[in-house]
There are 2 protein chains.
Amino acid sequence: MKDLRKIVFLGAGNLATQLALALFRKNFNITQVYSRTEESARLLAEKINTNFTTSLAEIKTDADLYICAVKDDAIPSVINSLKGVNGIVVHTAGSVDINIFDGKIQNYGVFYPLQTFSKYRDVDFQKIPIFLEANNSDNLFALKTLAISLSNNLYEATSNQRKILHLSAVFSSNFVNHMYALSEEIIEESGFEFQVLLPLIDEVAAKVHYLKPQEAQTGPAVRYDKIIIDKQLNMLSETERNQKIYQILSESIHEMTTKKH
Amino acid sequence: MKDLRKIVFLGAGNLATQLALALFRKNFNITQVYSRTEESARLLAEKINTNFTTSLAEIKTDADLYICAVKDDAIPSVINSLKGVNGIVVHTAGSVDINIFDGKIQNYGVFYPLQTFSKYRDVDFQKIPIFLEANNSDNLFALKTLAISLSNNLYEATSNQRKILHLSAVFSSNFVNHMYALSEEIIEESGFEFQVLLPLIDEVAAKVHYLKPQEAQTGPAVRYDKIIIDKQLNMLSETERNQKIYQILSESIHEMTTKKH
């Protein structure tokens, strides 16, 4: 069995930082951090007590595992610089197919934690679902052995499954956050602060732990209450796009409710 | 000072149930529950150990406070049946103007708790912001005295402010929940269950407690990453509306990010 003790991190962004910190706390030996941006590289390296480089040519070649957590469009160039290494190379991207490694890397896989990360907010990896894929069962097993020390929620997922997971996460994370952002813009016009919405926001998130989202749906769009909907559309008239968003989401809610019954 | 000891509840839906339970636990004397639906009326009356009626004509006339928590379009008929009462009549609706009582009721106001309620899930009222309005300062003071025994977050809000609050709540609650519902539809195609999204959903809600939503925004739409966006739009092609939702929200996120900088 492969022992993934020596790890090189490629990337020093939000995900890289939190994953590196989590592994560091579990006593994994992260021997190097690479980032194009010196400040990011140094910051992360200091946190996990290791070296860094900003040059792809200086990446160590003797690691057991290379975790490539750079932006999607930077993955190809990082892979090219890792040609010939014997360690397992994984990327952490939801929408990038595993075949990006084909013909370039010998041992490879994907390590996709389904979570949103910030550099300065530590998260509890125990609860984070991690989706794994690898080019063979040995490498998959090695990745599982590593991942199980971080999280209890491990899954195997194909590249196609992972792309769907990522798309659903865009809706339940990025788009949800944008709804918060729009509600903040709106509430400012009342003179009240966004903070008064937090108990509501928390309860809406808490509800779907025990109710299906469709069953938890409330609001004027459920019965398509035209009087309130028209009033609220009028309040949004200054910004045409917000009106369109309100309209299409209300229609979508109503359609989903109608289909259900 | 008016002492609002004797309370009649009009309505036995989600909000009415939770508000009545909260007042009951604080030893307020709820002397009657009215609902058009006998089963709802009985259920709530049993929970709070009181009588019920399904007839507007049988509503007691000697209460200190009438809490009208029926659907928006049923408010006028309830108000008509309360003509001549001396107690304070309040409604609990976000989008209904206080002037709906004008010329019909002598003492009136609005009692708007900004939260989503379910009949079978008790919520902690202490954290719920309650927005109050009344036709004079005596009645406002009486409502405040009642509300402070339930919640620490009391605010005065005009009908116009309350309408804006309600609209912002539609975005941060109803539309957010619909994003969850769409993400559930999507994730089912991967073979994974909605539950794997819960740690992400919780973290997205937790983040906006300390970061402005705009600052917390992540995902392909922030930089308008056309490669991923086009891929994801293609995955949604079967359902034209979901594609439109994805498109308009991505544009809106990108525009908001661009404006910020």
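In this predicted model, the two copies meet through the same surface, because 100% of the interface residues of chain B are also interface residues in chain A. The contact involves 91 residues of chain B and 91 residues of chain A.

**How the copies are related**

A turn of 180 degrees with a shift of 0.0 Å along the axis lays chain B on chain A with an RMSD of 0.0 Å. That is the relation of a two-fold axis. If you would like a landmark for this axis, look at B:Val176: its C-alpha is the nearest to the axis in chain B, at 2.6 Å.

**Extent and make-up of the interface**

The size of an interface is often given as the accessible area lost when the parts come together. Here, the area buried between chain B and chain A is about 9000 Å², and carbon and sulfur atoms give 66% of that area. B:Phe171, B:Phe192 and B:Arg241 supply 7% of the area that chain B buries against chain A, more than any other three residues.

Polar links cross the interface as well. The rule finds 10 salt bridges between chain B and chain A, and 32 residue pairs in polar contact, both residues being at pLDDT 80 or more. On the side of chain B that touches chain A, at least two residues each come from β8 (154-156), α5 (159-188), α6 (198-207), α7 (213-216), α8 (226-235) and α9 (240-260). The largest share of that side, 27 residues, is supplied by α5(B). Sorted by class, the side of chain B that touches chain A holds 46 nonpolar, 23 polar and 22 charged residues.

Two of the links across the interface can be set next to each other:

| Chain A residue | Chain B residue | Link | Distance |
|---|---|---|---|
| A:Arg241 | B:Glu255 | salt bridge, closest N and O atoms | 2.9 Å |
| A:Gln115 | B:Pro199 | side-chain polar atom of A:Gln115 to backbone oxygen of B:Pro199 | 3.1 Å |

**A closer look at A:Gln115**

Where does A:Gln115 sit in chain A? Its place is in the loop between β6 (108-113) and β7 (130-134). Is A:Gln115 buried or exposed? With a relative accessible area of 13%, A:Gln115 is buried, because buried means under 20%. Leaving aside neighbours within four places in sequence, A:Gln115 is in contact with A:Ile128 in its own chain, and with B:Pro199, B:Leu200 and B:Glu203 from chain B. One of these partners, B:Pro199, has its backbone oxygen 3.1 Å from a polar atom of the A:Gln115 side chain.

Technical notes
Residues are numbered from 1 along each chain as its sequence is written. Chains are lettered from A and ligands numbered from 1 in the order in which they are written. This is a predicted model: local features need pLDDT of at least 70, side-chain atom pairs count only at pLDDT 80 or more; totals for chains, interfaces and linings use all residues. Side-chain values use heavy atoms; hydrogens and water are left out. Contact means heavy atoms within 4.5 Å. Buried area is the accessible area (1.4 Å probe) that two parts lose on being put together, summed over both. A salt bridge is a side-chain nitrogen of Lys or Arg within 4 Å of a carboxyl oxygen of Asp or Glu. A polar contact is a pair of N or O atoms within 3.5 Å; within protein, one must be able to donate a hydrogen and the other to accept it, and residues adjacent in sequence count only if both atoms are side-chain atoms. Helices (H or I, at least four residues) and strands (E, at least two) are DSSP runs, numbered from the N terminus. Ala, Val, Leu, Ile, Met, Phe, Trp, Tyr, Cys and Pro count as nonpolar, Asp, Glu, Lys and Arg as charged, and the others, Gly among them, as polar. Copies are superposed by least squares on the C-alpha atoms of residues with pLDDT of at least 70 in both. Buried means under 20% relative accessible area, exposed over 50%, partly exposed in between (1.4 Å probe, protein chains only).
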